[in-house]
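Here is a short briefing on one protein model. Please read it alongside the coordinates.

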Amino acid sequence: MTRLSFSDTVKGEERDGILVVTIANPPVNATSASVRAGLMAALAHSSDRPHLAGLVLTSTGTTFIGGADIREFGLPPVEPILPVVVEAIEAHDKPVVAALNGAALGGGLEVALACHARLALPSAVVALPEVKLGLLPGAGGTQRLPRLIGAVEAMEMIASGRTVKAGDAQSHGILDDIVEQDLATQAIALARTLAEQELRRTGDLAPPALDTSAFDEAAAKILAKARGQKAPAEAVRLVRLACEIPLPDGLAAERQAFLSLRDGSESKALRHVFFAEREAGKVAALAGIAPRPIETIGIAGLGLMGSGIAVAALGVGLTVIGLDQTPEAAAKGRERIVGVIEKSVASGRLSRAAADAQVSRLSVTATDADLTAADLVIEAVFDDLAVKIDLFRRLDAVLRPDAILATNTSYLDPDAIAAATAIPERVLGLHFFSPAHIMRLLEVVRCARTAPDVLATGLALAKRLKKLAVVTGVTEGFIGNRIFSAYRREAEFLIEDGALPHEIDAALEAFGFPMGLFAVYDMAGLEIAWARRKRQAATRDPAERYVPIADRLCELGRFGQKAGRGWYAYPDGKRQVDPEVTTLIESCRTEKGITPQSFSSDEILARLLSAMALEGRALLTEGIAARESDIDLVMINGYGFPAHKGGPMFWSPGA
Ligand code: T1G
């Protein structure tokens, strides 16, 4: 067996007259410059050796090719660019068989599509997820995939970026076969068989017929969710072109569209978010510190938040002991948890067996001592300091000394809660966002005395729960709610200064927020914030600008959508601008002697985004947030900030 090295990251060996080419470019075998050069060298090696009948292309690890190397974007291009490599593979005069040992994503699937056949392990998945980075497939995917699987399916895959499992990929026609084992051996055998046949080149397949109505209908559904992003619309356009123009023209159109998107603000924002998500869990101070093992968690308080946390924990194989005040409350909590799990079974997202296994790991109780087995307890009880302190004191008495105590509080001071326990080093905050089994964001709160391995355990638990963890220090509202408060305050200043709720909401929705701030208010209800403002009234700084409009609405019983009236009116449940609110706002302005100005959408956005960025800057200066990109992730994943705008810090650099 002759071992060959085509580049630092591409190796080869000749087996049974076939050149087996293996990419080894950890962590995801991205098609970096050395991979591209290595693949071209492998093709040249094959061409120069008549005894070689064909090639097999595979890679090390569990990802076939994770895509183009995103870190190279924005740098000067290094030849050969991926489209050139892809076309060289397809044009090769000997069969090239792709042996997918794992995910083939983006450029990875485009390389596989240029091969003359594709085998895969059952664990492999395929996708063209470029739109999630604000991009398009840039190495022929928009032109080759439709030729292989038809226009509508290809458009749906590309414009949504969704992942397709091996079985579905095979039934669509993307994979020729699924191989349980000996993938390379089977691929070698297939290459030898194909060497005797006319090669099937994907690019030579006839352009797919275009059923315009089916295509347009499917496209409309996907674009409705795109919230004005460019990439999905471009994906639709390029797949349609694949049906209408010759391959070379289609590839040229794709390349031009790809470069334009790659250099545009949306893709830069989404690439920023991609890397930000992978940075967020890294805390330099925790390097080398092992988290404590967590297999059983206690959840105190089985209301909406607690039961959501329980569902998330059961879903990843943890054992859950739920605690509530009475057996009846505990039973009700169990009902709530099982109900959510059953909904997943009904929707087909969860199998019966998996659901039963999850429920078998759940127990509920009204007895503190039943939590003794817990490695970590999360409290999600009523957000009152005395209640939480009492609970932590009781838990101190029953938990093992190495068990961790986590508070889910949104606004209370976790340091005050920690101070109530005998071992404050074992306390941290785990601030989930509701519904906790759906929302990815989890603020991991580093209290003043949290031990490093306890913080490391919080991050490890977040990863186990498939949450996006962002570490925050202790401040009122942590990162998200503190910035939200600044943003809300600025919005109410704008109302007093002359803007109206629907104008502000329209500006936010045009920017990409799924829902405007005042509409969100009405949906969430105004009474809780009103109660908090009333509690704070006595200690409020009289010199600080205060907008009483929200209080006036509550005094009129306008508590939001559920009450039928809030910032908007809701006749027959539909949100409408309410002239009564406009009159109330005008009278409040008059009381303060404010002459109202009118504001354009851009002016509204500028004030709101800079208020967020300014508060973000303060969080960084105070050491509450570790990096700007963490703040962006919190606002994108917890407060609807459009990811394709990158987050408040990305959007307002150096604010
Ligand atoms: N380029 C560069 N680095 C990448 C990368 C990529 N494509 N994918 C992952 N990484 C890094 C990541 O930053 C992290 O680095 C490490 O690898 C592990 O990633 C021409 C233009 C493949 C499913 O969009 O979905 O092809 O933090 O933590 O959970 O048409 O990574 O260790 O320093 O995510 O096992 C299209 C993106 C690109 C896929 C693995 N491809 N990647 O998940 O590991 S554009 C994608 C993923 C393109 C072509 C177009 C996932 C994964 P660090 P990880 P994972």
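The points below cover a sheet, two helix pairs and some backbone details. The model is predicted. Its open sheet has 7 strands and mixed pairing. Helix H2 packs against helix H3 with axes within 8 Å, and helix H8 meets helix H9 with axes within 10 Å.

**The sheet**

- Strands of a sheet pair through backbone hydrogen bonds, in a parallel or an antiparallel sense.
- The strand order here is E1-E2-E3-E4-E6-E8-E11.
- Strand E1 (2-7) and strand E11 (177-178) are the edges, and each pairs on one side only.
- Strand E3 (residues 18-23) runs parallel to its partner E4, and 6 bridges link the two.
- Within that pairing, Leu19 sits opposite Leu55 of E4.
- Strand E8 (residues 117-120) pairs with E11, also in the parallel sense, over 2 bridges.
- There, Ala120 faces Ile178 of E11.

**Burial of E4**

- In a regular strand, side chains alternate between the two faces of the sheet.
- Strand E4 spans residues 54-59, and 6 of its 6 residues are buried.
- One side carries Gly54, Val56 and Thr58, all buried.
- The other side carries Leu55, Leu57 and Ser59, which are buried too.
- Both faces of E4 are therefore covered, given that buried means under 20% relative accessible area.

**Helices H2 and H3**

- Two packed helices are described by the angle and the distance between their axes.
- H2 covers residues 82-91 and H3 covers residues 107-114.
- Their axes cross at roughly 25 degrees.
- Angles under 35 degrees count as roughly parallel, so H2 and H3 are roughly parallel to each other.
- The crossing of H2 with H3 is right-handed.
- H2 contributes Leu82, Val86, Ile89 and Glu90 to the contact.
- H3 contributes Gly107, Glu110, Val111, Leu113 and Ala114.
- By class, this contact of H2 with H3 holds 6 nonpolar, 1 polar and 2 charged residues.

**Helices H8 and H9**

- H8 covers residues 212-224 and H9 covers residues 230-244.
- Their axes cross at roughly 165 degrees.
- Angles over 145 degrees count as roughly antiparallel, so H8 and H9 are roughly antiparallel to each other.
- H8 passes H9 with a right-handed crossing.
- From H8, the contact residues are Thr212, Phe215, Asp216, Ala219 and Leu223.
- From H9, they are Pro232, Ala233, Val236, Val239 and Arg240.
- The contact of H8 with H9 has 7 nonpolar, 1 polar and 2 charged residues.

**Backbone exceptions**

- Most residues other than glycine have a negative phi, and most peptide bonds are trans.
- The bond from Pro26 to Pro27 is cis, with omega near 10 degrees.
- Pro27 belongs to the loop between E3 and helix H1 (33-47).
- The bond joining Ser434 and Pro435 is also cis, and its omega is about -5 degrees.
- Pro435 lies in the loop between strand E17 (427-432) and strand E18 (441-445).
- Asp16 has a positive phi, near 50 degrees.
- Asp16 occupies the loop between strand E2 (10-15) and E3.
- The relative accessible area of Asp16 is 56%, so Asp16 is exposed.
- Asp182 has a positive phi near 50 degrees.
- Asp182 sits in the loop between E11 and helix H7 (183-194).

Terms used: Residues are numbered from 1 along each chain as its sequence is written. This is a predicted model: local features need pLDDT of at least 70, side-chain atom pairs count only at pLDDT 80 or more; totals for chains, interfaces and linings use all residues. Side-chain values use heavy atoms; hydrogens and water are left out. Axes are lines fitted to C-alpha atoms, for helices over the stretch in contact, and angles run from 0 to 180 degrees between N-to-C directions. Helices (H or I, at least four residues) and strands (E, at least two) are DSSP runs, numbered from the N terminus. Angles under 35 degrees count as roughly parallel, over 145 as roughly antiparallel, 65 to 115 as roughly perpendicular and the rest as oblique. A crossing is left-handed if the near helix is turned anticlockwise from the far one by less than a right angle, and right-handed if clockwise. Contact means heavy atoms within 4.5 Å. Ala, Val, Leu, Ile, Met, Phe, Trp, Tyr, Cys and Pro count as nonpolar, Asp, Glu, Lys and Arg as charged, and the others, Gly among them, as polar. Buried means under 20% relative accessible area, exposed over 50%, partly exposed in between (1.4 Å probe, protein chains only). Two strands pair if DSSP finds at least two bridges between them.
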